[in-house]
Amino acid sequence: MIAVPLHTRHERKFEQNRFVYPVLSRRSEGISIGVNLNPDKVCNFDCIYCQVDRTSQSETQFVETAALLEELGSVLDLCASGAIFETEKFRATPPQFRRLNDIAFSGDGEPTTFKNFDEIVAACAQLKRERGLDGVKMVLITNASMFHRPHVQRGTAILDQNNGEIWAKLEAGTEEYFQLVDRTPIPFRQILDNITAAAKLRPLVIQALFMRVAGEPPPAAELDAFCDRLNEIKAAEGQLKLIQVYTVARKPTESYVTPLSDTEVDAIVALVRQRTGLAAKAFYGMA
Ligand code: SF4
């Protein structure tokens, strides 16, 4: 049997859970506990590389807050005690990854579209605090489309007080490429404005996924424009602490999407560093 690298196992369920799923994350270099606020798999973007399987309908359509918090509490306890590494799924975890890094709001859609986003973030933070897990981060993985909404601003403020981090995706420099890749009625300008406003309040991590589209890597002019947008955020006093450059690692929505080579990812990282002076880090595909 060929072993599947642990970081490709991003199943949404752990044992019988419906909302909370621990994964071994290469980006987190440890266990990341995913909290799925979009069990119905609905998203306000329709990214061509999305790895959420929408060919089948989920059995769970709505977030059940009490069940979600119970699941999170028990997974936090499993991680804190180390018992999680005795389970079949995590038994092979290398020693250096045997640590709980974060609780990540991500899942099968855009987490900030959940109407009680602020309340659920507060309740999850409380569970973390009660267990004395102050060093464990709370990560919001987001497309930045809803940062201007009050319930999201309340939620991100709670994250700020609880070792939070925002990973906002930005993977285009122009409206045209943004629409080609992210396919949404939301204008690119709104996303840029939202990222800039949020980055003025705290340092953000940017997640930039680049890929081949019908065999074509991102055009050089697009990558230049991407760096221009990063520089504009900086010039507006937005703080960007890291640009994560990565590529497709799991089966994408559209079959014409394929990963970049490691060398191509490295070249984008070098370009970002050189053009913006920002910290940038490569994450490679599986090809
Ligand atoms: S924003 Fe995320 S969940 Fe939504 S379509 Fe894009 S990759 Fe998928």
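A residue is called buried here when its relative accessible area is under 20%, exposed when the value is over 50%, and partly exposed in between (1.4 Å probe, protein chains only). By that rule Ala144 is buried, with a relative accessible area of 0%. The structure is a predicted model, in which local features need pLDDT of at least 70 and side-chain atom pairs count only at pLDDT 80 or more, while totals for chains, interfaces and linings use all residues. Residues are numbered from 1 along each chain as its sequence is written, and side-chain values use heavy atoms, with hydrogens and water left out.

The overall fold makes a convenient starting point. The secondary structure comes to seven helices and ten strands; these are DSSP runs numbered from the N terminus, with helices (H or I) of at least four residues and strands (E) of at least two. For 287 residues, a compact globule would have a radius of gyration near 19 Å, and the 18 Å of this protein agrees with that. The radius is taken over C-alpha atoms, and the globule rule is 2.2 Å times the number of residues to the power 0.38. Along the principal axes, the C-alpha atoms fill a box of roughly 50 × 50 × 35 Å. Of the 287 residues, 52% count as buried. A contact means heavy atoms within 4.5 Å; among contacts between residues at least 6 apart in sequence, 77% join residues at least 24 apart.

The surface and the charges complete this general picture. The accessible surface comes to about 13,000 Å², and 53% of that area belongs to carbon and sulfur atoms. Areas come from the Shrake-Rupley method with a 1.4 Å probe, and for residues only the protein chains shown count as cover. There are 33 positive and 37 negative side chains, and the centres of the two sets lie 2 Å apart. Lys and Arg count as positive and Asp and Glu as negative, whereas His and the chain ends are not counted; each charge is placed at NZ of Lys, CZ of Arg, CG of Asp or CD of Glu.

Aromatic rings come next. Four aromatic pairs are present in the structure. Rings of Phe, Tyr and Trp (its six-membered ring) pair if their centres lie within 6.5 Å, and planes under 30 degrees apart count as stacked, over 60 as edge-to-face and the rest as tilted. The pair of Phe105 and Phe117 is edge-to-face, at 6.3 Å centre to centre and with 75° between the planes. Because Phe105 lies in strand β3 (residues 100–106) and Phe117 in helix α2 (residues 117–130), this pair ties together parts that are twelve residues apart in sequence. Phe105 is buried at a relative accessible area of 0%, and Phe117 is buried with a value of 0%. Elsewhere, Phe45, Phe178 and Phe188 form one aromatic cluster.

Phe105 also appears among the contacts of Met138, leaving aside neighbours of Met138 within four places in sequence; that list also includes Ile103, Val121, Cys124 and Leu159. Met138 is placed in strand β4 and counts as buried, at 0% relative accessibility. The C-alpha atoms of Met138 and Thr196, 58 residues apart along the chain, are separated by 21 Å. Gly135, in the loop between α2 and β4, is exposed with a relative accessible area of 65%. Between the C-alpha atoms of Gly135 and Asp102, 33 residues apart along the chain, the separation is 8.7 Å.

Backbone angles deserve a look as well. Most residues other than glycine have a negative phi, and most peptide bonds are trans. Ala144, though not a glycine, has a positive phi of about 65°; its place is in the loop between β4 (137–142) and α3 (150–160). Arg183, another residue other than glycine, has a positive phi near 45°. Arg183 lies in the loop between α4 (175–182) and α5 (188–201) and is partly exposed, with a relative accessible area of 25%.

Two further sites lie later in the chain. Ala249 sits in the loop between β8 (240–246) and β9 (257–258) and counts as buried at 14% relative accessibility. Ala249 and Gln51 are 198 residues apart in sequence and 8.7 Å apart in space, C-alpha to C-alpha. Lys281 belongs to strand β10 (residues 280–283) and is partly exposed, with a relative accessible area of 35%. Apart from neighbours within four places in sequence, Lys281 is in contact with Glu29, Leu242, Ile243, Gln244, Val245 and Val269.
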